[in-house]
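Thanks for asking me to look this over. Here are my notes, point by point, to read alongside the model.

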Protein chains: 2
Amino acid sequence: MEGVDHLAHERNKSEFDVDAMKIVWAGSPHAFDVSDRISKLVASDPGFRKDNRSTLSRKELFKNTLRKAAYAWKTIVDLRLSEEEAAKLRFYVDEPAFTDLHWGMFIPAIKGQGTEEQQQKWLPLAYKMQIIGCYAQTELGHGSNVQGLETTATFDSQTDEFIIHSPTLTSSKWWPGGLGKVATHAIAYARLIVGGREHGVHGFIVQLRSLEDHSPLLGITVGDIGMKFGNGAYNTMDNGVLQFDHVRIPRNQMLMRVSQVTCEGKYKQSDVPRQLVYGTMVYVRQTIVADASCALSRAVCIATRYSAVRRQFGSQNGGPETQVIDYKTQQSRLFPLLASAYAFRFIGEWLKWLYADVTQRLQANDFSTLPEAHACTAGLKSLTTTATADGIEECRKLCGGHGYLCSSGLPELFAVYVPACTYEGDNTVLLLQVARFLMKTVSQLGSRLSSKKPVGTIAYMTRVEHLMQCRCGVQRGFAELSADLVEAAVAHCQLIVVSKFIEKLQQEIPGKGVKQQLEVLCNIYALFLLHKHQGDFLSTGCITPKHAALANDELRSLYSQVRPNAIALVDAFNYTDHYLGSILGCYDGNVYPKLYEAAWKDPLNESVVPDGYHLYIRPLLKQEIRTARL
Amino acid sequence: MEGVDHLAHERNKSEFDVDAMKIVWAGSPHAFDVSDRISKLVASDPGFRKDNRSTLSRKELFKNTLRKAAYAWKTIVDLRLSEEEAAKLRFYVDEPAFTDLHWGMFIPAIKGQGTEEQQQKWLPLAYKMQIIGCYAQTELGHGSNVQGLETTATFDSQTDEFIIHSPTLTSSKWWPGGLGKVATHAIAYARLIVGGREHGVHGFIVQLRSLEDHSPLLGITVGDIGMKFGNGAYNTMDNGVLQFDHVRIPRNQMLMRVSQVTCEGKYKQSDVPRQLVYGTMVYVRQTIVADASCALSRAVCIATRYSAVRRQFGSQNGGPETQVIDYKTQQSRLFPLLASAYAFRFIGEWLKWLYADVTQRLQANDFSTLPEAHACTAGLKSLTTTATADGIEECRKLCGGHGYLCSSGLPELFAVYVPACTYEGDNTVLLLQVARFLMKTVSQLGSRLSSKKPVGTIAYMTRVEHLMQCRCGVQRGFAELSADLVEAAVAHCQLIVVSKFIEKLQQEIPGKGVKQQLEVLCNIYALFLLHKHQGDFLSTGCITPKHAALANDELRSLYSQVRPNAIALVDAFNYTDHYLGSILGCYDGNVYPKLYEAAWKDPLNESVVPDGYHLYIRPLLKQEIRTARL
């Protein structure tokens, strides 16, 4: 059976140029080339094997991650990979590790918040990994409310040092990745106290461990916070706990780009605008949206291929049973997720553009679009991560019982993905920020004081200006109505996703049938939302029940149009079997023999008669339980 | 801090008699007494400790489960527990094990499908655990479609035996719990072939392993199918794979209560009605609904207590921050789940009554209510398990970042619960059965051929009889509209849950304020559904947008009424800290010190400098990666 493509009949059915779609998905021919090359490099190197993760103990798992991180770095150095290629390599190694925080948070924080001088001192060390950094913000007692952090950094003008201290149990740093066992340095956030006065939360570079023997420095108590959700998953990461007992650091290790403390103990603001901090936030959240489309597309790829392989019921005259993907119940759950994967891919691309645009404006001291950009990325981070987490689990359920096996790849994909709903802004807290922005925008509509017209993603609001003439009887405040406002924020973000998908289709897109397929997916995405939220559309009189029924009919017809192209549409993601990490999703569809083979590799199958038979099973069968030693 | 109740201020707020509510939740004073006694017995016995599950390797985990199962049996024997008490003890041990299938499937199958003679031979062995049984139905290639199973049982009249055989790879038995490493016997389902003719799928008692040394018998290939979702979770269970190579069993090991094969090779039906099989299905699914309310209430208890402990934002003048439970966004997600837990508890109770009623009728040869009872249990199994799986994950998210830690208990609770959406009937397949039943009922309305009026849970359909006068233009078949029909089936099941909750409130319920609290919860449950599905209500003209808005206002006011009673309402579940298995949900609310302590127990913290430092971290820091051995 080796080499037979069990999905060939599906691939032959497709009505568009898959190779052209691969370029669209990747973003450009260059991006495709890099992804394709690096993903195959990783897939073909046994050093990056990951199919054994679920059976390793925590210690074995973690040690193996350390090995892979070192091996990845060695590969990057040996092959002289470019920065872009190196990032892709880490991506395809597909295992959370301390390096994520080193490259993704520690270095960007120094770049964004450090002075020129600080950057010159610390960045070369970090780039060569002579130091390994983490990002120590959240505490046991505070996550979302950064201003509530309790760690203190008290300036001692006599020694020109800050004293970093954890005054309470709840002030223990808690969660930072890479902190538990690896990082030599941290960007630690603490309340700055100078001359007895508090100046809010600031970042400080603190060395945690000896560069000679890795032991924690004096005054540092540090460890891992323990097991997290799932097999493998984020347990490869040493999320850490950290307590400072009056740890002294030189004054120049406070990140001073925006605010400074002088040696005389004066606190002052630099002329660098504070808004720059929001620029960094926009950057980080935009990468999270891009990751959402990766994770969702991966789950959709697995569920789609397996739905084409799996047959159940409907055999006629002894012929084969119906492919599960042909059931309308399966299509109505799977195809909206396929459409979402594409929608999120394009909104991620647009956010990348938005970030570049904002950065350019900030450099020209133009802060006008920042609030909108901030609301956009906050809202879209929330929307896409929630939909992706739910979508992965839905894909797992769409694979029936076998989706519950680790060898399906879906349990680990879910467990490793869900923290995205919480980190970098809890999804509900972010939606409330969007809601506040929307309320502010609405309140300024028609106001004589405000000359600003809403632009960009909120331009549509001018159309509802007449609403401002209506007085409604609502006397309650924002907090009282927050659950409803969150729903409004979601609707606003959905509108952005749909309209950017439509804009994408207004561009020229080469390749036979490619644009047509994307149009079908765009319509599915939009009409699925309309169906899901029809209550809001109906109650506001935007549509009539007849419209709702017609939309539903159209949705059904669109599913039929996607059906023959479904396998090709997931092939366009160009994922290797290594990256997918799923027997159910393997390219050739040869699912059953692979499932059967994989089963025997479980440690429990090392012996035919299990450990514990003599102690715990035999006494039952032999009626000797009362005298058994248990 | 030991002994301080950090939630005392919450408990003092409650407006009803918690002890009386505990009786309502348990079902009766007797049921409360048994639960209370046995749960405390388990909680106080270190032999049933479970807080270390997430760090054990598969083999350690499984061996520990074997120990606990034996220890539980020893406890049952030593204390001479009643059958009811023994079942409760297994429940509170709270760990999937081979015994679940032995007691829950193997024995009931023999009782339901075995002849008197077969029961007399096999049940005493099973009751004493001289044999351990499992239930081998599903195969690698077939789950939902039982009629598609491929295993064969061919009668050999020369030796008066059946030859059990796995003709293909996909015919391998796959998933049965207890099969992989423990069971000595199985009820194996196979296509019966007598004299070259097929007679559909039947059950056979097959010995798998030697009772002397536990080795698999000749022709039996058996093993574990490998790791499943989550830490601990279902990995304590040896779900198995099994292949038969022409295994011979005596003719009298076919379960012959309904159909028989004589020694002459004649296949015949007994006079026992086939419908009895559906009675068993009703029984099993009713227990699944009861389990749903247990699992959901457990998650809700954890999330509610932690939401009262956790504070974030909103500090005024340096005072304490706002309890997370006071945010409307939290309430609007949490309180409907609290209401659902109660709703599912009562619908489970009603289904128990329904099962008793159906059983009584079947014994009197009255099959009239069976289709309705079957549809009810199928639909409610689907509804409650889907809502519970989603609800547990929502509770996890409501606990923010800390909900992602295994020590929160929620990851394992989710992972161990979700298979309920798939086993004993995939939830979508079940809803399609309900939809078919509804369509059949509707099609018979007003028919001159049918004298039957819809009764019971479908009585309301007579009210829509006028619909049958309307002719609609729909030309498509059931399959084409199945996604919409599934939505209709859900609506039907929701109606049952709501109306049975209302019926419950029409009974007398003792205890100060108890009934009032339940009324609030019932209203929340109903109005939350109305809000969630307002599109259906609006598009069918059942309500106007104004009604929808009023319902939403009322919902908000109901949340405020629940708020002071929230902690007491979860206390009423009477769960021990052992059973909850969650630091975030512990009774005394002393969350932070316990989280901190638990962290240090992770195996990674056994050494300060991690395994792998010299091999994989130091070469990075010392710029020696190119020559490192990785």
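**Notes on the model**

1. Let's begin with the record: the unreviewed UniProt entry annotates residues 17–132 of chain A as "domain: Acyl-coenzyme A oxidase N-terminal". Please keep in mind that what we have here is a predicted model. Over residues 17–132, chain A is 73% helix and 0% strand, and the C-alpha atoms at the two ends lie 45 Å apart.

2. Next, have a look at the small matter of strands. In chain A, β4, β8 and β7 make up an open sheet, in that order, with antiparallel pairing. Its edge strands are β4 (173–174) and β7 (220–224), each of which pairs on one side only. Between β7(A) and β8 (residues 240–244) of chain A there are five bridges, in the antiparallel sense. To find your place in that pairing, look for A:Gly223, which sits opposite A:Val241 of β8(A).

3. Now a helix: α10 of chain A runs over residues 370–398. Its 29 residues reach 41 Å from the first C-alpha to the last, close to the expected 42 Å. Because 24 of those 29 residues are buried, α10(A) is largely enclosed by the rest of the structure. After α10(A) comes A:Gly400, with a positive phi near 60°.

4. Finally, the core. Which residues touch the most other members of the largest nonpolar core? They are A:Tyr342 and B:Tyr342, in a core of 338 residues. Setting aside neighbours within four places in sequence, the contacts of B:Tyr342 include B:Met21, B:Trp25, B:Phe501 and B:Leu518. Also among them are B:Leu521, B:Leu569, B:Ala572 and B:Phe573.

Notes. Residues are numbered from 1 along each chain as its sequence is written. Chains are lettered from A and ligands numbered from 1 in the order in which they are written. This is a predicted model: local features need pLDDT of at least 70, side-chain atom pairs count only at pLDDT 80 or more; totals for chains, interfaces and linings use all residues. Side-chain values use heavy atoms; hydrogens and water are left out. Two strands pair if DSSP finds at least two bridges between them. Helices (H or I, at least four residues) and strands (E, at least two) are DSSP runs, numbered from the N terminus. A nonpolar core is a set of buried Ala, Val, Leu, Ile, Met, Phe, Trp, Tyr and Cys residues joined through side-chain atoms within 4.5 Å. Buried means under 20% relative accessible area, exposed over 50%, partly exposed in between (1.4 Å probe, protein chains only). Contact means heavy atoms within 4.5 Å. The expected span of a helix is 1.5 Å times one less than its number of residues. UniProt positions are given in the numbering used here, feature names are shortened, and annotations may be inferred rather than shown by experiment.
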